[in-house]
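Work through the exercises below with the model open. Try each task before reading its solution.

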Amino acid sequence: MKVAIVGASGAVGQEFLRVLDERNFPIDELVLFGSERSAGRKYAFRGKDYTVKLLQHNDDFKDIDVAFVSAGGGTSKEFATTITKYGTVMIDNSSAFRMDADVPLVVPECNAEDALVRPRGIIANPNCTTIMMVVCLQPLERISHIKRIHIASYQAASGAGAAAMAELEQQYREVLDGKPATVNKFAYQLAYNVIPQIDVFTDNGYTKEEMKMFNETRKIMHTDAACSAMCVRVPSLRSHSEAVWIETEQPISPDEARKAFDAAEGVTVIDNPAEKQYPMPLFTAGKDDVYVGRIRKDLASDNGLTFWLCGDQIKKGAALNAVQIAEYLIKVGNIGR
């Protein structure tokens, strides 16, 4: 198996290296690609140093089986044909192709089989907040069809990249030292603040991030469920949180939901309010699963249920999900030469 990582120097690119190693992904040869800024950098993987190659329009992908791509939507669009023209499976972490009808949008716990039909050789990795939510929604959908979803997300600085994490840490130091806070990566100072905007606003008053949750959920789950989201940036470093309210055709009790979550792949339940036990970003960063708690009936809806979830959006919300897609393709014999 010959594997490429495009965007190897970024936060998700570095997470790809960690996840591939942790999961003992079968790699005979690894090739790292990056921009002019990162070309020439060296990264260690399984005891060997690899030098980042400049991503170019050439035949570098001719013998590569799978390329994990996380270099931004513009780069993905520009280089998609170069990456896939010799049969490489491109698993793309940007939003460039997610809603294209001929590109599957895949979360393995929900719709792994969709990855088998990829006319353009591209599989899209969904938005991080969508991934974590649908992992939890799918086991409930099997009990009763979900009609409506309301969600408030509490998204860590790392969702805006490694430089954003560094800026948040810098802001805390500056504020404590009585200095003006440096603001480059966010619309406002994030330290000691929350910002009710992630991505740009669309004509309907929702941000692109919020519309991603609406559209991507429907595509992944093959559902007509409506999803109304409020996405908020919060001053934690890593791991996103979400408060979710759903309305189903038939009521699902909290006990039924807990059993479904317990049995679901990729979900861990921490739900003991009496002992102050519930998921928090502080404890879910670096973990594979999505953690669920505060499971209870929605007092505003007879057929409603509400719960809280936390998950590492760089790991499960990006790199791990993409690697799991590739693992599924290997398992069913749909990748490799």
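**Exercise 1. A hairpin and its neighbour**

Which residue in β14 does G293 stand opposite?

Solution. Note that this is a predicted model.
- Step 1. Locate the two strands: β13 covers residues 290–297 and β14 covers residues 304–311.
- Step 2. Read the pairing. Five bridges join β13 to β14, and the strands run antiparallel.
- Step 3. Find the partner. G293 stands opposite W308 in β14.
- Step 4. Check the connection. β13 and β14 form a hairpin, with six residues between them.
- Step 5. Turn to another partner of β13. Strand β12 (residues 267–269) pairs with β13 in the parallel sense over three bridges. Here V269 has V292 as its bridge partner.

**Exercise 2. A strand covered on both sides**

Determine whether the residues on each face of strand β7 are buried or exposed.

Solution.
- Step 1. Sort the side chains by face. In a regular strand the side chains alternate between the two faces of the sheet. In β7 (residues 89–92), V89 and I91 lie on one side, M90 and D92 on the other.
- Step 2. Apply the cut-off: buried means under 20% relative accessible area. V89, I91, M90 and D92 are all buried, and both faces are covered.
- Step 3. Take the pairing with β6 (residues 66–69). Four bridges join β6 to β7, and the two run parallel. V66 has V89 as its bridge partner.
- Step 4. Trace the link. The chain leaves β6, passes through helix α2 (residues 73–84) and enters β7. This β-α-β crossover is right-handed.
- Step 5. Take the pairing with β8 (residues 122–124). Three bridges connect β7 and β8 in the parallel sense. M90 stands opposite I122 in β8.

**Exercise 3. Nonpolar cores**

Find which helix gives the most residues to the largest nonpolar core.

Solution.
- Step 1. Recall the background. In soluble globular proteins, nonpolar side chains tend to be buried together.
- Step 2. Size the core. The largest one has 54 residues. Those with the most contacts inside it are F61, L137, L140, I149, V244, F261 and F307.
- Step 3. Name the helix. Helix α4 (residues 128–141) gives the most to this core, with eight residues.
- Step 4. Inspect F307. Its contacts beyond four places in sequence include C136, L137, L140, V244 and F261. E242 and R294 are also among the residues F307 touches.
- Step 5. Look for another core. One of 36 residues lies apart from the largest; L32, V89, A115 and I325 are among its members.

**Exercise 4. The largest pocket**

State how many residues line the largest pocket, and which of them are closest to its centre.

Solution.
- Step 1. Get the volume: about 870 Å³ of space lies in the largest pocket.
- Step 2. Count the lining, which has 34 residues. V12, N93, G159, A160 and G161 are the closest to the centre.
- Step 3. Assign elements. Those giving two or more residues to the lining are α1 (11–22), α5 (162–176), α6 (208–221) and α9 (315–331). The largest share, three residues, comes from α1.

**Exercise 5. Positive phi**

Explain why H222 and K276 both count as exposed.

Solution.
- Step 1. Place H222: it lies in the loop between α6 and β10 (226–233). H222 is not a glycine, yet its phi is positive, about 50 degrees.
- Step 2. Place K276: it lies in the loop between β12 and α8 (281–284). K276 has a positive phi near 55 degrees and is likewise a residue other than glycine.
- Step 3. Apply the cut-off: exposed means over 50%. H222 counts as exposed because its relative accessibility is 58%. K276 counts as exposed because its relative accessibility is 65%.

Key. Residues numbered from 1 in each chain as written. Predicted model: local features only at pLDDT ≥ 70, side-chain atom pairs only at ≥ 80, totals over all residues. Heavy atoms only, no water. Buried < 20%, exposed > 50% of the residue type's maximum accessible area, 1.4 Å probe, protein only. Pairing = 2+ DSSP bridges. Right-handed = clockwise from strand over helix to strand, strands pointing away. Core = buried A, V, L, I, M, F, W, Y, C linked by side-chain atoms within 4.5 Å. Contact = heavy atoms within 4.5 Å. 1 Å grid on protein atoms, 1.4 Å probe; cavity = no way out; pocket = protein on both sides within 12 Å on 5 of 7 lines; lining within 4 Å. Points joined across faces, edges and corners; volume = space filled by probe spheres on them.
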